[in-house]
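Subject: Handing over the structure

Hi,

Here is the structure I promised to pass on to you. Have a look at it first, and then read on for what I found.

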Amino acid sequence: MSAARQQIRLGADIGGTFTDIALDCRGTMFSTKVLTNYSAPEQAILDGIEIVTRDAGISPADLDIVIHGTTLATNALIERRGVRTALVTTEGFRDVIEMRTENRFEQYDLNLKLPTPLIPREDRFTVKGRIGAQGQELQPLDEAALEEIADRIAAEGFGAVAIGFIHSYMNPAHERRAREIIAAKVNVPISISAEVSPQMREFERFNTVCANAYVRPQMADYLARLQVRLKEMGADCPVFMIHSGGGLISVETAAEFPVRLVESGPAGGAIFAADVAQRFGLETVVSYDMGGTTAKICLIEDFQPKTARTFEVARTYRFCKGSGMPISIPVIEMIEIGAGGGSIAWVDAMGRIQTGPESAASEPGPACYQRGGKRPAITDADLVLGKLDPDNFAGGAIRLSVANAEGAIARDVGDRLNLPAEAAAFGIVEVVDENMANAARVHAVENGKNISDNIMIAFGGAAPLHAARLCEKLGIDECLIPPGAGVGSAIGFLKAPFGYEALASKIVRLSEFDPAQVNALLADLKSTAEGFVRAGTDGTIQREITAFMRYVGQGWEIPVALPDRDFAAGDVESLRDSFRENYARFFGRAIDGLDGLEIEIVTFSVKAQDERRAPERVAITRGEGRPETPVTRAVFDPAQGEMLTTAIVERQSLTPGARVSGPAVIVERETSTVVTSPFDVVMQADGTLLLTRKEIAA
């Protein structure tokens, strides 16, 4: 489908608590939030479509495209709700996913607990056959043994099969032949690592193909069901999925490689924030996305979110790299913690208030939702502190009970610590805000950045409630709350390009650089990446070529941008210079002067996406007018440590340049922006709210 014909576009983001819908109807945005339906996730999308199409005065049949992102794959991995999966691997490598690597994420913890492998040992099968590090066959595949393994898999009722052989990223012949043999006897989805993640490092590659196979049947069923139900309601339009790297792929690709969807929702949020940053010309920002279940922090530089080739799901130790389940796919790099509006508050054995990672989600929800939830959540604390209007939550769709919230907080927190409900609520909120601030600091430090140098862009249903306090803790002076912040990820889907990143590992020493081989490999990657993009657009495609390089003997590599052209033997010196420049930027200086210190390329990457027009620039205004605020209510101000008379202002009543001095709450249908006493807020020309510290605003 041509991008020029996509006039009416709908984004749908299934979160842990709410499903967000954003409809761009020829330039006018309509949005809504619907509680996520866990038994039938597609139902919330259909309900949301009915609401926004009715508001826009159109029918579902008028939709030109639906763009969808979901946390269903992530949740299935975290909660271990996938199908029983068999892993077929090379003899001697049965325990790779359990032995992991030699790294210890807590070096001095004598009782270190490693994450449980996704596939238990009894469901892992080995077969003789060996591919060498250069792709040569060292030992033929034992096809007779594979026949026996296939019979056993069929007899024991497995729901999916993952195949991961040693060095298959160099030569996938054995994996492909094994798939043929098993598929002849087993009628279940089969995933091979050479297609899911053709990269070196066996632990990460095996784990990724296992994760893909584990959730594949569930995601394929869901996506097929969604398409059928959309057509039944009249929306007979293409459906595309946003993947973890921030581009759009077809439903068919998503069903085959569902592991690519693991961070799809948060990726949409990062794209949304990057678009806002580009609109205001802000080159260094930190995006803060807080929904009902999690909070996500992402650094954005030069209008692009930071990306990575691997990330972790379900860390068992908070903030500890290496304590989770590694997934080696292209992904927008961010840090995610269990800190959302539905995160449960509790008191630990040492009498400390803790929050999350367990969430009340949408079923039963926080106590104040009156849907059966009994335990206190962050939303309950926000309500008790006056941040939320119990009669106008989610546009009045959900009536909140202050009494239920106070009762739950008193029972599970206040009574245990001998605190009144208000003080306990402040403690809960202060703990979750500090957790998010710590996560932001950790993420910035891991990337060699100072978090206070950034401007914050906050979105998600709960982020505007907490953004000002988070800025206080992080030393950030300014924060933007864009229009539609409550459904920011869904809006980000509408701004995402059709894009795909293809990767392949091939170790190439610069002293042995073969231009013909490199050009052939890159041509194959370009064809693969562009093939996925062409499934959604016939527009102009732009490409980014990257080589991941290192000094020989090092354990990790750095990205180096390459020119998009064929290479010749004379390019070796320019490749060496580019690597040294990037190495010096990462580590302060290159390692020069050592005899025989060789440089090598480890992995090649081709990212293809359709060209998108840059948003129109908006100049930041500091504002002058101070509108009258006849409506007030008592809201707890953390900077003052007490309930203050606070102005309550409808966002739609503010005109560009209008300034409101904190403390204030700016209310709208999908969220509320709490302006604490150290801040003022100014309405920008495009409807964005700018929170600025008073000393700067003056």
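How many residues lie between strand 21 and strand 22 in the hairpin that they form? There are five residues between them, and G351 in the turn has a positive phi of about 80°. Strand 21 covers residues 343–347 and strand 22 covers residues 353–359; the two run antiparallel and are joined by four bridges. If you would like a pair to look for on screen, A345 has T355 in strand 22 as its bridge partner.

Before you go further, please keep in mind that this is a predicted model.

**The whole chain**

The protein chain has 17 helices and 35 strands. Its radius of gyration is 26 Å, close to the 26 Å that the globule rule gives for 698 residues, so the chain is as compact as a globular protein of that length. The C-alpha trace spans about 80 × 60 × 55 Å along its principal axes.

**A parallel sheet and helix 7**

One good place to begin is an open sheet of four strands in the order 6-5-9-10, where the pairing is parallel. Strand 6 (124–127) and strand 10 (190–192) are the edge strands, and each pairs on one side only. On average, neighbouring strands of this sheet are turned by 20° against each other, direction ignored. Three bridges hold the parallel pairing of strand 9 (residues 160–164) with strand 10, and A162 stands opposite S191 in strand 10. Helix 7 packs on this sheet and touches strand 5 (85–90), strand 9 and strand 10. The direction of helix 7 makes about 165° with that of strand 9.

Helix 7 (residues 202–232) also meets helix 1 (residues 41–56): their axes come within 10 Å and cross at roughly 30°. An angle under 35 degrees counts as roughly parallel, and helix 1 and helix 7 are therefore roughly parallel to each other. Their crossing is right-handed. On the helix 1 side the contact is made by P41, E42, Q43, I45, L46 and I49, and on the helix 7 side by Y222, R225, L226, R229 and L230. By class, this contact of helix 1 with helix 7 has seven nonpolar, one polar and three charged residues.

**An antiparallel sheet with two helices on it**

Further along the chain you will find another sheet to explore. This open sheet has four strands in the order 25-28-26-27, with antiparallel pairing. Strand 25 (499–509) and strand 27 (558–562) stand at the edges with a single partner strand each, so one side of each is left without a neighbour in the sheet. The twist averages 25° from one strand to the next. Strand 26 (residues 541–551) and strand 27 run antiparallel and are joined by five bridges; here T546 has A561 in strand 27 as its bridge partner.

Which strands does helix 15 touch as it packs on the sheet? Helix 15 (residues 515–534) touches strand 25, strand 26 and strand 28 (599–610), and its direction makes about 30° with that of strand 28. Helix 16 (residues 572–587) packs on the sheet as well, touching strand 26, strand 27 and strand 28. The direction of helix 16 makes about 135° with that of strand 27.

**Two more helix pairs**

Helix 4 (residues 143–155) and helix 5 (residues 173–183) pack at an angle of about 45°, with their axes 9 Å apart. Helix 4 and helix 5 are therefore oblique to each other, and helix 4 passes helix 5 in a right-handed crossing. In this pair, E143, L146, E147 and A150 of helix 4 meet R177, A178, I181 and I182 of helix 5. The residues of that contact divide into five nonpolar, no polar and three charged.

The axes of helix 11 (residues 402–417) and helix 12 (residues 421–446) are 9 Å apart, and these helices pack at an angle of about 75°. That makes helix 11 roughly perpendicular to helix 12. E406, I409, V413 and G414 of helix 11 make the contact with A421, A424, A425 and I428 of helix 12. Six nonpolar residues, one polar and one charged make up this contact of helix 11 with helix 12.

Enjoy exploring it!

Best wishes

Methods: Residues are numbered from 1 along each chain as its sequence is written. This is a predicted model: local features need pLDDT of at least 70, side-chain atom pairs count only at pLDDT 80 or more; totals for chains, interfaces and linings use all residues. Side-chain values use heavy atoms; hydrogens and water are left out. Axes are lines fitted to C-alpha atoms, for helices over the stretch in contact, and angles run from 0 to 180 degrees between N-to-C directions. Angles under 35 degrees count as roughly parallel, over 145 as roughly antiparallel, 65 to 115 as roughly perpendicular and the rest as oblique. A crossing is left-handed if the near helix is turned anticlockwise from the far one by less than a right angle, and right-handed if clockwise. Contact means heavy atoms within 4.5 Å. Ala, Val, Leu, Ile, Met, Phe, Trp, Tyr, Cys and Pro count as nonpolar, Asp, Glu, Lys and Arg as charged, and the others, Gly among them, as polar. Two strands pair if DSSP finds at least two bridges between them. The radius of gyration is taken over C-alpha atoms; the globule rule is 2.2 Å times the number of residues to the power 0.38.
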